[in-house]
Every structure is written in structure tokens, then in C-alpha cells.
Amino acid sequence: MHTTPLNVSSRNEVEPITATIKLVTESNVANVVALEVLAFNTDPASRWLYPELRQYLTYFPQFISIFGGKAFEHNTAYYIGDYFGAALWVPPGIEPDAQPLIDLIQRSLAGQKQADMFAMIEQMEHYHPTEPHWYLAILGVEPKQQGKGYGSALIQNILQECDRTQTPAYLESSNPSNVPFYERHGFEAIGTIQAGTSPTLFPMIRYPDRKTEG
């Protein structure tokens with residue numbers, strides 16, 4: 001899931017910025033979760049999931065903590081500046097814990113929406129690569145900071161690692177307007193995910209740049 005990102009002109013070109021990218025630690029996980037809650041406030045998928053404000057503020061922080069939990073656990077979550085944005089990456093070989101997410105869905109959703117969400121998760125599993133890969137679980141930029149290059153900067157370190165180690169990267173874009181951004185970073189859409197009344201998600205994969213010979 002990803003909020004509106006920032007424009008770049010080509011696959012690896014990023015506008016220079018002065019803000020520092022830092023590793024998320026146990027002491028500031030709560031700040032990053034709060035940032036992502038702000039960032040996803042108008043995201044089609046998150047607000048379909050929890051359309052009522054109180055429901056969103058109650059359950060979406062839990063969703064972020066669970067969905068990005070492996071990034072926090074494995075020190076592959078990053079934020080930029082004074083919590084301007086954050087990228088939660090799950091490293092190769094690490095699988096998410098399904099049960100906590102199932103439990104959250106069962107206690108926070110009911111009826112057809114619960115069934116639709118489980119159908120979407122099943123479709124997500126279908127598209128998820130079986131080979132070792134980096135998974136961009138969540139990328140969000142605080143609304144007032146969008147358009148300044150922070151989203152692009154946040155994902156570059158891992159994409160460079162993908163090229164260095166010849167490892168794919170994968171994500172699901174929860175907003176169709178974000179697809180061109182990821183395409184400029186080398187991702188390509190490989191299908192669509194949709195169930196019932198849900199908005200459409202776009203699974204996308206990025207294969208690494210080939211190493212130059214000689």
C-alpha cells in the first residue's frame with residue numbers, strides 16, 4: 001500500500017534533497033505509524049477499509065503496525081527528515097505473519113467487507129513472487145511534504161541494493177495515480193487485485209538492472 005508519491009524524471013534520477021534518511025528504531029516506531037496514518041488518510045484502499053473517521057483512527061494504526069511489522073523487526077524501515085515520509089521494506093526470505101492480520105480483519109470488519117478483504121489477500125498471495133525479493137509493504141509521505149522528492153529518496157537505497165545483488169522488488173500500489181511513479185523507478189504492473197466493492201490494487205514488480213560486464 002502506498003500513498004501519493006513524488007515525481008522523478010527517470011528510473012534512477014532523484015532531485016537532490018537535504019533531509020536525512022534514518023533507520024526506524026523501537027523508540028520511534030509510534031511516530032512512523034502516526035506518519036503513515038496521516039499519509040494514507042485519503043488513500044482509496046485504506047478509506048474503503050475504514051471509511052468512518054473513528055474506525056480509521058482506531059484500527060488503521062494497528063493495520064500499519066501489522067502490515068509493516070517485519071520491516072520494523074528486521075531493521076529495514078526508514079524515515080526521512082522530521083517524519084516527512086517513511087518506507088517499510090520487508091527483506092528477502094522473510095514472510096509476514098498472517099494470523100495477526102487475520103485477527104485484525106475479523107475484529108474490525110464484518111459481513112461482506114470482511115469477505116472481500118480476505119478475497120483480496122488471497123489474490124495478493126497469488127501475485128506475490130516466490131523467488132527472494134524485497135517487498136515494499138508501505139510507502140507514505142506526510143501530506144504537507146508531498147511533491148518534494150522524499151518518496152523517491154526513500155526507496156532509492158533499497159532499489160540500489162536490488163541492483164547490486166540482482167534481486168527483484170515487489171509492491172502493491174493502492175492508488176492508480178501512483179502507478180506511473182513506480183514505473184519511472186523500473187516497476188511494471190503485472191495484474192490487478194479487486195474483490196466485491198473494493199478499489200483496485202496494482203501488483204508491480206521491478207527486476208534489477210543487469211550488471212555491466214567488464
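In the predicted model, strand E2 (residues 77-80) directs Ala 77 and Tyr 79 one way and Tyr 78 and Ile 80 the other way, and all of these residues are buried. Such a pattern accords with the general rule that in a regular strand the side chains alternate between the two faces of the sheet. Strand E1 (residues 21-23) runs antiparallel to E2 and is joined to E2 by 3 bridges, with Lys 22 standing opposite Tyr 79. Strand E3 (residues 85-90) is likewise antiparallel to E2, the two being joined by 4 bridges, and here Ile 80 stands opposite Gly 85. E2 and E3 form a hairpin in which 4 residues lie between the strands, and Gly 81, in the turn, has a positive phi of about 60 degrees.

Helix H3 (residues 53-67) was examined next. For its 15 residues, a rise of 1.5 Å a residue gives an expected span of 21 Å, and the end C-alpha atoms are 20 Å apart, which agrees. H3 nevertheless bends by about 30 degrees at Tyr 59, and a proline, Pro 61, follows within four residues. The buried residues of the helix are Gln 55, Tyr 56, Phe 60, Phe 63, Ile 64 and Phe 67. As a general matter, an α-helix has 3.6 residues a turn, so residues three or four places apart point the same way. The elements that cover the buried residues of H3 include helices H1, H2, H4 (69-73), H5 (98-108) and H6 (111-127), together with strand E4 (134-141).

Aromatic contacts were then considered, and the structure holds 12 aromatic pairs. One of them is formed by Phe 40 and Phe 60, whose rings are tilted, at 5.9 Å centre to centre and with 50 degrees between the planes. This pair links distant parts of the chain, since Phe 40 lies in the loop between helix H1 (29-39) and helix H2 (44-49) whereas Phe 60 belongs to H3, 20 residues apart. Both Phe 40 and Phe 60 are buried. The rings of Phe 181 and Tyr 182, by contrast, have their centres 4.8 Å apart and their planes at 75 degrees, so this pair is edge-to-face; Phe 181 and Tyr 182 are also buried. Phe 40 and Phe 60 belong to one aromatic cluster that also includes Tyr 56, Phe 63, Phe 67, Tyr 135 and Tyr 170.

Charged side chains are also placed over aromatic rings. Arg 47 lies over the face of Tyr 56, at 4.3 Å from the ring centre, and Lys 113 lies over the face of Trp 48, at 5.3 Å from the ring centre.

Notes
Residues are numbered from 1 along each chain as its sequence is written. This is a predicted model: local features need pLDDT of at least 70, side-chain atom pairs count only at pLDDT 80 or more; totals for chains, interfaces and linings use all residues. Side-chain values use heavy atoms; hydrogens and water are left out. Buried means under 20% relative accessible area, exposed over 50%, partly exposed in between (1.4 Å probe, protein chains only). Two strands pair if DSSP finds at least two bridges between them. Rings of Phe, Tyr and Trp (its six-membered ring) pair if their centres lie within 6.5 Å; planes under 30 degrees apart count as stacked, over 60 as edge-to-face and the rest as tilted. A charge sits over a ring if NZ of Lys or CZ of Arg is within 6 Å of the ring centre and within 35 degrees of the ring normal. The expected span of a helix is 1.5 Å times one less than its number of residues. The bend at a residue is the angle between axes fitted to the seven residues ending there and the seven starting there. Contact means heavy atoms within 4.5 Å.
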